[in-house]
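Please open the structure in your viewer with the sequence panel beside it, and follow the stops below in order.

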Amino acid sequence: MACYIDLDGVLVRLHLEALRHYGVKLDEFPGQRRTMDIVNAETGSKYEDHYLFWSTFDESFWAFLPPFEWAHKLVIFAGNTFGHGDVYVATRPTHNPKSRSGKQLWCDRYLPGWLSSNVIMIKDKFRLATGKHDLLIDDSPENCRQFAQRGQSILIGRPWNGRPTQTFEKLKEEIHDACDKMVDLD
Ligand SMILES: [Mg+2]
């Protein structure tokens, strides 16, 4: 039984800060669009590869991003529900190796020690799923769909994925529902 929590878009407020980095200042993310496409449209950049675009950000960018409002509460709740040893951060590094150190620095800064020492940098998160007793919390519909083929997943609603952001109370209910399914299957 393990709980994997995504960083970018779940704990880390990445997308608006990435736009700001390119001089695009918005209060809210404009719907179901990719950050790269918005940067191209607003700045005349011509990025074509999603992962190469994200590789343009350096270590300090990743290290100093702000957390989402209920990031800390989610981490504490997951630790209490699953046990500290069974909660992991699962995040995909970019092609830029500095993203790995930057993301780890962010975890060291914002997360309790029991979690900042449980960080998995991985491209294909679905490979972590071993059964219905494994849960992924992620803002990517594709990551959630793939993980749920073996495990369970909860999609964090964000403007870019089209699901309204759930309240923290609703998210706790969704985590409890996932735990109930784990027990039923044992
Ligand atoms: Mg994400």
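Begin by selecting I5, which touches V10, L11, A78, V87, V89, A90 and I137, leaving aside residues up to four places away in sequence; a contact here means C-beta atoms, placed from the backbone, within 7 Å. The model is a predicted one, in which local features need pLDDT of at least 70 and side-chain atom pairs count only at pLDDT 80 or more, while totals for chains, interfaces and linings use all residues. Numbering starts from 1 along each chain as its sequence is written.

Next, widen the selection to C3, Y4, I5, L135, L136, I137 and I154, the residues that touch the most other members of the 39-residue largest nonpolar core. Such a core is a set of buried Ala, Val, Leu, Ile, Met, Phe, Trp, Tyr and Cys residues joined through C-beta atoms within 7 Å, where buried means 20 or more other C-beta atoms within 10 Å of the residue's own, exposed means 12 or fewer, and partly exposed lies in between. Strand 1 (residues 2–6) gives this core its largest share, four residues; strands are DSSP runs of E, at least two residues, and helices runs of H or I, at least four, numbered from the N terminus.

Now select helix 5 (residues 71–82) and colour L74, V75 and A78, its buried residues. Viewed down the helix axis, these buried residues fall within an arc of 100° (taken from the directions from the axis to the C-beta atoms), and therefore line one face of the helix. On the other side of helix 5 you will find I76 and N80, which are exposed. Finish at G83, which follows helix 5 and has a positive phi, near 95°.

Notes. Contact = placed C-beta atoms within 7 Å.
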